[in-house]
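Student: I have a model open and would like to talk through its packing. Could you take me through it step by step?

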Amino acid sequence: MENVVRLTRTLVAAAGTAALLLTAACSSSGSGSSATGFNPPDLKAPTKLGKTEGQVNLIAWAGYVEDGSNDPKVDWVSDFEKQTGCQVHSKVAASSDEMVKLMKTGEYDAVSASGDASLRLIASGDAAPVNTGLVPNYKDVFSGLKNGSWNSVKGQMYGIPHGRGANLLMYNTEKVSPAPTSWSAVFDDAPKYKGHVTAYDSPIYIADAALYLKAAKPELKIKNPYALDQKQFDAAVALLKQQNADIGEYWSDYLKEISAFKSGDSVVGTTWQVIANLTAGEGAKVKAFVPEEGSTGWSDTWMVYAKAKHPNCAYKWLDWIVSPKVNAQVAEYFGEAPANSRACAETSDKNFCTTYHAADEGYWKNIAFWNTPIEQCLDGRTDVKCVPYAKWVQAWTEIKG
């Protein structure tokens with residue numbers, strides 16, 4: 001894990017309230033085959049590919065489209081260009097909100113969307129259904145990444161999975177005792193570590209509180225941490241306001257989190273596996289794991305613009321980026337579990353997939369992947385309205401004071 005550009009994603013942390021007001025087309029549940037009330041535009045996936053167009057324009061997270069310009073040793077674009085004749089033009093996006101805006105310009109053919117962006121792109125008609133039969137390497141994608149609530153509708157895939165990661169609980173093994181097993185360490189037990197608790201700086205972190213309350217307060221009847229009615233939402237916000245008194249720092253910059261755990265300024269809080277690896281590698285006495293309640297997490301999907309100018313090259317890219325060798329390269333460079341089951345045999349670190357739980361579907365069943373909260377509850381309820389993401393953004397400002 002030498003290159004740390006892969007950790008520059010801010011995901012939904014930088015999203016603005018106005019941009020997150022979903023269109024009428026997105027008044028939906030967004031669940032995969034069990035979707036209720038979600039009726040995106042009736043778009044058709046191509047039945048066959050034609051001649052490649054000579055170029056492809058991509059929007060991606062930093063570290064996903066590397067051509068050797070950042071590091072001569074990191075390049076999976078050049079061979080793609082040689083083999084397909086499709087010249088790659090890419091733009092790095094700093095947030096999911098930016099990705100959505102860029103896709104709406106019509107200047108790009110595909111995007112590496114995270115779960116909070118993919119639902120919006122599907123609902124607005126910007127992302128087209130994908131014919132997975134035209135992506136040969138799709139057959140080797142882990143089953144847990146297929147037909148997700150963030151990348152499919154009623155069994156129709158709207159993209160090709162790229163990789164996934166979990167939000168973990170990390171703690172200082174010398175200063176946190178006994179060893180925690182639950183998210184209660186950063187919520188109910190947070191006063192024990194007052195001023196030394198850290199949390200991810202994003203409105204989506206409200207889902208982490210909801211995930212904990214799902215187990216801690218079953219009377220709230222939370223089924224999905226991204227589908228919160230007003231009462232459930234208020235409970236999660238109240239818990240986070242309570243936690244705020246014990247927070248030393250909200251993090252979005254991985255370097256600051258590493259530094260804080262090394263110095264002892266932070267002793268317990270949320271993290272990613274790659275950050276935990278780097279922190280331990282720099283001598284900090286830390287451990288990171290998925291608590292007994294499970295965790296939130298993220299999964300990225302390559303989606304094709306509905307009116308792509310270079311759809312054939314876009315499909316070639318989708319197949320390339322999820323091919324075993326390339327998917328392994330991206331996963332190691334970025335610090336995430338690869339999507340292709342055959343990628344694990346191609347990693348330079350033969351323990352990489354074990355560390356990132358790539359093939360452990362039981363592990364991923366405990367991960368609630370990020371999704372965009374909307375009024376039509378993602379858990380299928382129709383008798384109430386759920387709190388939309390714009391309200392999450394507003395609440396996060398209040399939580400942090």
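**Packing, strands and rings**

Tutor: Both Trp364 and Phe369 are buried, and please keep in mind throughout that this is a predicted model.

Student: How do the rings of Trp364 and Phe369 sit, centre to centre and between the planes?

Tutor: They form a stacked aromatic pair, with 6.0 Å from centre to centre and 20° between the planes. In general, a pair of aromatic rings is described by the distance of the centres and the angle of the planes.

Student: How many aromatic pairs does the structure hold?

Tutor: There are 22 aromatic pairs in the structure. One of them joins Tyr64 and Phe334, whose ring centres are 4.8 Å apart with the planes at 55°, so this pair is tilted. The pair links distant parts of the chain, since Tyr64 lies in the loop between β1 and α1 whereas Phe334 belongs to helix α9, 270 residues apart.

Student: Tyr64, buried or exposed? And what about Phe334?

Tutor: Tyr64 counts as buried because its relative accessibility is 0%, and Phe334 counts as buried at 2%. These two residues also belong to one aromatic cluster, together with Tyr200, Trp251, Trp272, Trp298 and Trp370.

Student: Switching to the core, how many residues has the largest nonpolar one?

Tutor: The largest nonpolar core has 126 residues, and those with the most contacts inside it are Trp76, Ile206, Val268, Trp302, Trp317 and Trp392. Apart from that core lies another, of 5 residues, among them Met170, Phe261, Ala284 and Val286.

Student: Ile206 is in α4, right? Which residues of α4 are buried?

Tutor: Yes, Ile206 is in α4, and the buried residues there are Ile206, Ala207, Asp208, Ala209, Ala210, Leu211, Tyr212 and Leu213. With 8 of the 11 residues of α4 (residues 206-216) buried, this helix is largely enclosed by the rest of the structure.

Student: What do the buried residues of α4 pack against?

Tutor: They pack against α5, β9, β11, β13 and α12.

Student: And after that helix, what is Lys221 doing, and is it buried or exposed?

Tutor: Lys221 is in the loop between α4 and α5, and it is exposed because its relative accessible area is 65%, where the cut-off for exposed is over 50%. Its phi is near 60°, a positive value in a residue other than glycine. Lys154, in the loop between β4 and β5, likewise has a positive phi, near 50°.

Student: Back to the strands: which way do the residues of β3 point?

Tutor: Ala110, Ser112 and Ser114 point one way from β3, while Val111 and Ala113 point the other way. In a regular strand the side chains alternate between the two faces of the sheet. In β3 (residues 110-114), 5 of the 5 residues are buried, so the strand is mostly covered, buried meaning under 20% relative accessible area.

Student: Which strands pair with β3?

Tutor: Strand β1 (residues 55-60) pairs with β3 in the parallel sense over 2 bridges, and Leu58 stands opposite Ala110. Strand β11 (residues 295-304) runs antiparallel to β3 and is joined to it by 5 bridges, with Ala113 opposite Thr301.

Student: One last topic: where is Ser95 found, and what does its side chain reach?

Tutor: Ser95 is found in the loop between β2 and α2, and its side chain reaches the backbone nitrogen of Glu98 at 3.1 Å. Ser95 is buried, with a relative accessible area of 6%.

Methods
Residues are numbered from 1 along each chain as its sequence is written. This is a predicted model: local features need pLDDT of at least 70, side-chain atom pairs count only at pLDDT 80 or more; totals for chains, interfaces and linings use all residues. Side-chain values use heavy atoms; hydrogens and water are left out. A nonpolar core is a set of buried Ala, Val, Leu, Ile, Met, Phe, Trp, Tyr and Cys residues joined through side-chain atoms within 4.5 Å. Buried means under 20% relative accessible area, exposed over 50%, partly exposed in between (1.4 Å probe, protein chains only). Helices (H or I, at least four residues) and strands (E, at least two) are DSSP runs, numbered from the N terminus. Two strands pair if DSSP finds at least two bridges between them. A polar contact is a pair of N or O atoms within 3.5 Å; within protein, one must be able to donate a hydrogen and the other to accept it, and residues adjacent in sequence count only if both atoms are side-chain atoms. Contact means heavy atoms within 4.5 Å. Rings of Phe, Tyr and Trp (its six-membered ring) pair if their centres lie within 6.5 Å; planes under 30 degrees apart count as stacked, over 60 as edge-to-face and the rest as tilted.
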